[in-house]
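Me: I'd like to go through this model and ask why each label is used. Can you set the values against the cut-offs for me?

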Amino acid sequence: MTDVPPNTRPLLVTSRARRMRLAIVAAIVFGLALLFGLWGVWQVLAPGVDNPQRQLASQQEELEALRQQVSTLTRSDQISRDANRELQGTLAERDEEIAALRADVAFYERFVGGTAQRRGLTVHELRMQPRTDQGWHYTATLTQSLNRDAASVGTMRLAIEGTRAGRLETLEWDDLRQRDAAAGQPYSFKYFQQVEGDVVLPAGFQPLRVTVRLSPERGSEVDRSFSWADVTPRSAPGA
C-alpha cells in the first residue's frame, strides 16, 4: 500500500465529499423525474373528473344508454301501431257483424206479426265466395210471405255479366256449370230458403253483375240483379 503524503489528505477528502454530494443530487433529480413521470401517467389513466379519456368513456356509455332508450321506444311505438291496427280491424269486423244482424232482424221481421208486409217470391240476398282462381261458391237466400199456406217450388239459375278481352260478355247457366242443358238449382220452401252451389268463371273474365233467375212451377219468372262488388268479399278478386 502506497502511503499518501500528509499534505494531500485534505484534498482527497474534499473530492470524495463533492462526488458524494453530486451523486445525492443526481439521485434526487432522478427521483423527482420519476415521480413526475408517474404523476403524468396517473393523470392519463386515473378516473379523474377532468380526464379526457374518462369523459370519452362516460359519453360513450351515455350514448349507448340513449340508443337503448330509442330502441325501446321504437319497439313500443311499433307495438302500439300494430295493436291499433288490429283494433281497427276488429272494429270493422264488428261493424260488419252488426250490419249483418240488423239485416237479419229486418229479414225475420218480414215473416212475423200480423202487420208484416207480405211479399211474393224474391231473392233477398246473394253471396259469392271464392273457392279457386276461377271457382266460386254462391249462396242465395230466397223468400216469400205472400202465400203462407203453400210452398214455393221451382228452380234457380244464375247469369253473370262481365268483360273478357275488352268485350262485354254474358255467361249463362250452362257456361257457369260447364255442361250443356244444365239443370237449374231446385228450391222448395214456405217462407225462406238458402240455395247453394258452385260455378266456374273462364280465365280472363272480369265479372260485373250477377242475375238470379227464379223459375217457379206456378207464376211468372223472377229476376234480380246484383253488382259483383256487392255480393263478393272486399278482398276477393274482382271485388
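Reply: Here come the labels one by one, starting with the ground rules. This is a predicted model, with local features needing pLDDT of at least 70 and side-chain atom pairs counting only at pLDDT 80 or more, while totals for chains, interfaces and linings use all residues. Residues are numbered from 1 along each chain as its sequence is written, and side-chain values use heavy atoms, with hydrogens and water left out.

Me: What makes up the fold, in helices and strands?
Reply: You get 4 helices and 8 strands, in the order α-α-β-β-β-β-α-β-β-β-β-α along the sequence. Both are DSSP runs numbered from the N terminus: H or I of at least four residues for helices, E of at least two for strands.

Me: Why is H137 called buried?
Reply: Buried means under 20% relative accessible area, exposed means over 50%, and partly exposed is in between (1.4 Å probe, protein chains only). H137 comes in at 12%, so buried it is. This residue is in strand β2. Across the protein, buried residues make up 23% of the 239 residues.

Me: What makes the H137 and R131 pair a polar contact?
Reply: The rule asks for a pair of N or O atoms within 3.5 Å; within protein, one must be able to donate a hydrogen and the other to accept it, and residues adjacent in sequence count only if both atoms are side-chain atoms. The side chains of H137 and R131 are joined at 3.4 Å, and a polar atom of the H137 side chain also lies 3.1 Å from the backbone oxygen of G197.

Me: Which residues does H137 touch, leaving out those up to four places away in sequence?
Reply: R127, M128, Q129, R131, E196, G197 and D198. Contact here means heavy atoms within 4.5 Å.

Me: Why is Q144 buried or exposed?
Reply: Q144 has 6% relative accessibility, so it counts as buried. Its place is the loop between β2 and β3 (152-164), and a polar atom of its side chain lies 2.4 Å from the backbone oxygen of K190.

Me: And why does Q178 get its label, buried or exposed?
Reply: Q178 reaches 58%, so it counts as exposed. Look for Q178 in the loop between α3 (173-177) and β5 (185-189).

Me: What is the sign of phi at Q178?
Reply: Positive, at about 60 degrees, although Q178 is not a glycine. Most residues other than glycine have a negative phi. A165 also has a positive phi, of about 55 degrees, and is not a glycine either. A165 sits in the loop between β3 and β4 (167-171), and its relative accessible area of 78% is why it is called exposed.

Me: What makes a set of residues a nonpolar core?
Reply: The members are buried Ala, Val, Leu, Ile, Met, Phe, Trp, Tyr and Cys residues joined through side-chain atoms within 4.5 Å. The largest one here has 28 residues, with L126, L142, M156 and L214 having the most contacts inside it. Strand β2 (residues 135-143) gives the most to this core, with 4 residues. Among the residues M156 touches, not counting those up to four places away in sequence, are Y138, W173, V195 and L214.

Me: How do you know that contacts reach far along the sequence?
Reply: Of the contacts with a separation of 6 or more, 62% are between residues 24 or more positions apart.
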